[in-house]
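Visitor: I'm new to this and would like to learn how to read a protein model. Could you walk me through a few features?

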Amino acid sequence: MSDPSPSLHLRQRLRRGRDRLATALITVGGIGVIAALLAIGVFLVVEVVPLFWSAPTDTGTEVSWQALWLPQSYEGYDVPRHRWQPTVTSPEERAQYGMPPLVWGTLKAAAWALVIAVPLALGAAIHSAMFMSRRLRSRIKPTLELMEALPGVVIGFIAGLVLAPWVERHLAEALTLVLLLPPGLLLAGGFWTRLPAPLRRGLPLGWAGLWLVPWLLLLVAAALALAPWLEAGGFGGDLRGWLETRLGLEYASRNAMIVGLAMGFAVMPSVYALAEDALSGVPDSLGEGAQAMGATRWQTLWKVVLPAASPGVFSAVMIGAGRAVGETMIVLMASGNTALMTLSPFDGMRSMAASIAIELPEAAFGGTHYRLLLLAALALFVFTFLVNTLAEVVRVRLRRRYRRLGGAP
């Protein structure tokens, strides 16, 4: 018989060679990503620093930190104010380079998106991880995660050309839906707890995601039916006019509320996926031990599972905030792009990312306008980098906590 050892040694050497090659490729790829990020940061810094080297700009306007961030006096206004109007149409006009309206619009859009996305995403994650049946979870979770693949331009297109006109025409119906859906869902939960045991077994909590759909459709139909009565009885038959005359709120077709709905829909899948993984990763022994001590499932959730998974949930929210701040196409198509600094959800806004997308192709290379847009890009880059770094640090701490709780060395 021939000695098989030479062929065995050859296969082992080939396997070790493939492992080394794969390790080298992964290392080179990681170093390349880091180098690309550093290169982007260095490029932005190099392009922005000359902005403050010379006092006068190409339009005769002094650019300084005070001019960018403090209110300025402009012709036609009695008091100093923040304005962003970088283009001028005549030599007599002065370009207005106030950055606060862009920062305010960015934070306002992100805040409304998180107000809508975080409660829905965390509620879905809690139900999916703690109460939903495994069979239904295996189908629902991949579907929700696939929503993250929807392009922002598609969501922005639907929000700007479909959702915004519908809400403008049916403002009372939209308000009634917002007012009716949350208490309607709580009412459904209260009814379920008071059902007889045989009916509760026929409507298990793990399948609530399905048997609540008819109830949601009934709530929507009730809201659409009650809206005309609510508008006639409470707002004199004209909700939009009542907002303008009583509260001084003008309704813009594309506003912060529309942006919040669209961006919330875009951000929700990522927040849900990360939060659900964090909640599912909590060792079962913790929840079982709490229930063995007499705690209910709700008490186990609030007192045991959520505190243990809080770093992961925080990480999910931070990553969602990072995406909301950097979102471009949805804000561009659904916000109206008006550089306003108001608290009203019915006013438009202009974010830094949308301004870069709109104005950078028309800005003169090397000019003040060009460098200010790159300053906004640098601010977005730094914010996103810090948010993602913080989220990763929290995720590492979460992994270590799970390892200790699970008894691993």
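Guide: Happy to. Keep in mind that this is a predicted model. Let's start with Glu 359, which has a relative accessible area of 8%. Buried means under 20%, so Glu 359 counts as buried.

Visitor: Which residue does Glu 359 form a salt bridge with?

Guide: The general idea comes first: side chains of opposite charge can pair when their charged atoms come close. Here, the partner of Glu 359 is Arg 350, and their closest N and O atoms are 2.8 Å apart. Arg 350 is buried too, at 11% relative accessibility.

Visitor: How many salt bridges are there?

Guide: The count comes to seven. Some share partners: Arg 137, Lys 141, Glu 276 and Asp 277 are joined into one network that way.

Visitor: What can you tell me about Glu 276 in that network?

Guide: Glu 276 is buried, at 0% relative accessibility. One salt bridge links Glu 276 to Lys 141, with the closest N and O atoms 2.8 Å apart. Glu 276 sits in helix α11 and Lys 141 in helix α4, so this pair ties together parts that are 135 residues apart in sequence. Lys 141 is buried as well, at 15%.

Visitor: And how far apart are the closest N and O atoms of Arg 137 and Glu 276?

Guide: For that salt bridge the distance is 2.7 Å. Arg 137 is in helix α4 (residues 134-146) and Glu 276 in helix α11, so the parts tied together are 139 residues apart in sequence. Arg 137 has a relative accessible area of 25%, so we call Arg 137 partly exposed.

Visitor: Now rings. How do I read an aromatic pair?

Guide: A pair of aromatic rings is described by the distance of the centres and the angle of the planes. This structure holds five aromatic pairs. One of them is Tyr 251 with Phe 346, a tilted pair at 5.5 Å centre to centre and 50° between the planes.

Visitor: Why does the pair of Tyr 251 and Phe 346 tie together parts that are apart in sequence?

Guide: Because Tyr 251 lies in the loop between α10 and α11, while Phe 346 lies in the loop between α14 and α15; those parts are 95 residues apart in sequence. Tyr 251 and Phe 346 are both buried.

Visitor: Which residues form a nonpolar patch on the surface?

Guide: Val 153, Val 154, Phe 157, Ile 158, Leu 161 and Val 162, with about 500 Å² of accessible area together. Take Val 153: its place is in helix α5 (residues 152-169), and Val 153 is partly exposed at 38% relative accessible area.

Notes:
Residues are numbered from 1 along each chain as its sequence is written. This is a predicted model: local features need pLDDT of at least 70, side-chain atom pairs count only at pLDDT 80 or more; totals for chains, interfaces and linings use all residues. Side-chain values use heavy atoms; hydrogens and water are left out. Patches are made of residues with over 30% relative accessible area and no salt bridge: like charges are joined within 9 Å, nonpolar side chains (Val, Leu, Ile, Met, Phe, Trp, Tyr) within 5 Å. Accessible areas come from the Shrake-Rupley method with a 1.4 Å probe; for residues, only the protein chains shown count as cover. A salt bridge is a side-chain nitrogen of Lys or Arg within 4 Å of a carboxyl oxygen of Asp or Glu. Helices (H or I, at least four residues) and strands (E, at least two) are DSSP runs, numbered from the N terminus. Buried means under 20% relative accessible area, exposed over 50%, partly exposed in between (1.4 Å probe, protein chains only). Rings of Phe, Tyr and Trp (its six-membered ring) pair if their centres lie within 6.5 Å; planes under 30 degrees apart count as stacked, over 60 as edge-to-face and the rest as tilted.
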